[in-house]
Amino acid sequence: MARDWDLTRKSIGTLSIWLGTGALFAPRAITSVLGVDDTAARTDTALPLLVRLIAARNIAMGAALLVTPAPQARRTTEVTMLLTVLDAAAVLVARRGGDVAQRSAGLSLTVLATA
């Protein structure tokens, strides 16, 4: 059982760091891939900041997962997964409110599910 959590911890941590790093250095490209309107992705001045804030959180959580000792790995993994579920809930609420296109919500949820 501990070995399963160790593999899960390392997988989620590595994926979080890679996704966070991509979003940190190319926030407009990431939003375009996720289906944000091209005009908004190119012109919205707040978008890169928001994406970079989320990227920083992903990098920090990924690093925390990779350095967590085995006895605490399960709790750290659970916290990371909880944050991912909260991100998914935010996407669904935004979709329901009409703030996010269906394609964008679908791609975002796919990325979150992969994580």
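**Exercise 1. Describe the largest pocket of this predicted model: how much space lies in it, and what lines it?**

*Solution.* Start with the volume: the largest pocket holds about 1,000 Å³ of space. Next, turn to its walls. The lining consists of 37 residues, and those nearest the pocket centre are Leu-34, Val-51, Ile-54, Val-91 and Ser-108. Now sort the lining by character: 23 of its residues are nonpolar, 9 are polar and 5 are charged. Finally, trace the lining back to the helices. At least two residues come from each of α1 (2-25), α2 (27-33), α4 (47-67), α5 (70-96) and α6 (102-114). The top contributor is α4, with 8 residues.

**Exercise 2. Place Val-100 in the model: where does Val-100 lie, and which residues is Val-100 in contact with, leaving aside neighbours within four places in sequence?**

*Solution.* Begin with the chain path: Val-100 sits in the loop between α5 and α6. Then list the contacts beyond those sequence neighbours, which are Ala-94, Arg-95 and Ala-105. For a sense of scale, take Trp-5: 95 residues separate Val-100 from Trp-5 in sequence, and their C-alpha atoms are 34 Å apart.

**Exercise 3. Find the members of the largest nonpolar core.**

*Solution.* Six residues, written as 6 in the count, belong to this core: Ala-88, Val-91, Ala-94, Val-100, Ala-105 and Leu-112. Assign them to elements: α5 and α6 each give two or more, with α5 providing the largest share, 3 residues. To finish, look around Leu-112. Beyond four places in sequence, Leu-112 touches the core members Ala-88 and Val-91, along with Thr-84 and Asp-87.

How values were computed: Residues are numbered from 1 along each chain as its sequence is written. This is a predicted model: local features need pLDDT of at least 70, side-chain atom pairs count only at pLDDT 80 or more; totals for chains, interfaces and linings use all residues. Side-chain values use heavy atoms; hydrogens and water are left out. On a 1 Å grid over the protein atoms alone, a cavity is a set of points where a 1.4 Å probe fits but cannot get out, and a pocket is an open set with protein on both sides within 12 Å along at least five of seven lines; lining residues have an atom within 4 Å of a point. Grid points are joined across faces, edges and corners, and a volume is the space filled by probe spheres set on the points. Helices (H or I, at least four residues) and strands (E, at least two) are DSSP runs, numbered from the N terminus. Ala, Val, Leu, Ile, Met, Phe, Trp, Tyr, Cys and Pro count as nonpolar, Asp, Glu, Lys and Arg as charged, and the others, Gly among them, as polar. Contact means heavy atoms within 4.5 Å. A nonpolar core is a set of buried Ala, Val, Leu, Ile, Met, Phe, Trp, Tyr and Cys residues joined through side-chain atoms within 4.5 Å. Buried means under 20% relative accessible area, exposed over 50%, partly exposed in between (1.4 Å probe, protein chains only).
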